[in-house]
Amino acid sequence: DAVSALKGALELEPRALRAALSLGAVHRSQGRAREALRVYDAALAIEGASPELRERIEAARSELVAAQ
């Protein structure tokens with residue numbers, strides 16, 4: 001499945017920002033914003049903040065707040 005493939009890609013290349021963004025998006029589409037944030041935070045620690053990554057982090061945080 002997509003989650004397994006993207007996790008595998010990140011294991012091979014932890015700096016693969018596109019894979020991290022995609023994995024986070026899959027988690028968010030499945031209603032798993034907390035897991036998406038974990039992926040985004042790991043990417044942030046490795047890659048630093050890109051505008052797109054910051055945007056995705058804020059969106060996932062908003063989803064968590066709305067779910068509470």
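Begin by colouring the protein chain by burial: in this predicted model, buried residues make up 32% of the 68 residues. Then display the accessible surface, where the protein chain exposes about 4200 Å², 54% of which is supplied by carbon and sulfur atoms.

**The whole chain**

Switch to a cartoon representation. Four helices and zero strands appear in the protein chain, and from the N terminus the order of elements is α-α-α-α. Reduce the display to the C-alpha trace and align the view to the principal axes, along which the trace spans about 35 × 25 × 15 Å. The radius of gyration of the protein chain is 11 Å, which agrees with the value near 11 Å for a compact globule because the chain has 68 residues.

A contact map is useful at this point. Among contacts with a separation of 6 or more, 41% join residues that are 24 or more positions apart.

Next, select the charged side chains. The protein chain carries 10 positive and 10 negative side chains, and the centres of these two sets lie 3 Å apart.

**The nonpolar core**

Select Leu23, Tyr40 and Leu53. Of the 18 residues in the largest nonpolar core, these three touch the most other members. Extend the selection to the helices that build this core: α1 (2–12), α2 (17–29), α3 (33–47) and α4 (51–67) each supply at least two of its residues. Helix α3 gives the largest share of the core, six residues.

Centre the view on Leu23. Beyond its neighbours within four places in sequence, Leu23 is in contact with Val3, Leu6, Lys7, Leu10 and Val39. Of these partners, Val3, Leu6, Lys7 and Leu10 fall within the range of α1, whereas Val39 falls within that of α3.

**Helix α2: His27 and Arg18**

Move along to His27, which lies in helix α2. Is His27 buried or exposed? Its relative accessible area is 0%, so His27 counts as buried. Show the surrounding side chains as sticks: with neighbours within four places in sequence left aside, His27 is in contact with Val3, Arg32, Ala33, Glu35, Ala36 and Val39. Val3 and Val39 are also listed among the contacts of Leu23, so both can be kept on display. Arg18 is also placed in helix α2. With a relative accessible area of 54%, Arg18 is exposed. Draw a distance from its C-alpha atom to that of Ala43: the two residues are 25 apart in sequence and 9.7 Å apart in space.

**Helix α3: Leu44**

Select Leu44 in helix α3. Its relative accessibility of 31% places Leu44 in the partly exposed class. Which residues does Leu44 touch, not counting those up to four places away in sequence? The partners are Ala49, Leu53 and Ile57. Leu53 was selected earlier as one of the core residues that touch the most other members.

For a longer span, draw the C-alpha to C-alpha distance from Leu44 to Ser4. These residues are 40 apart in sequence and 21 Å apart in space.

**Helix α4: Glu58**

Finish at Glu58, found in helix α4. At 44% relative accessibility, Glu58 counts as partly exposed. Add Leu37 to the selection: the C-alpha atoms of Glu58 and Leu37 are separated by 9.2 Å, with their positions 21 residues apart along the chain.

Key
Residues are numbered from 1 along each chain as its sequence is written. This is a predicted model: local features need pLDDT of at least 70, side-chain atom pairs count only at pLDDT 80 or more; totals for chains, interfaces and linings use all residues. Side-chain values use heavy atoms; hydrogens and water are left out. The radius of gyration is taken over C-alpha atoms; the globule rule is 2.2 Å times the number of residues to the power 0.38. Buried means under 20% relative accessible area, exposed over 50%, partly exposed in between (1.4 Å probe, protein chains only). Contact means heavy atoms within 4.5 Å. Accessible areas come from the Shrake-Rupley method with a 1.4 Å probe; for residues, only the protein chains shown count as cover. Lys and Arg count as positive and Asp and Glu as negative; His and the chain ends are not counted. The place of a charge is taken as NZ of Lys, CZ of Arg, CG of Asp or CD of Glu. A nonpolar core is a set of buried Ala, Val, Leu, Ile, Met, Phe, Trp, Tyr and Cys residues joined through side-chain atoms within 4.5 Å.
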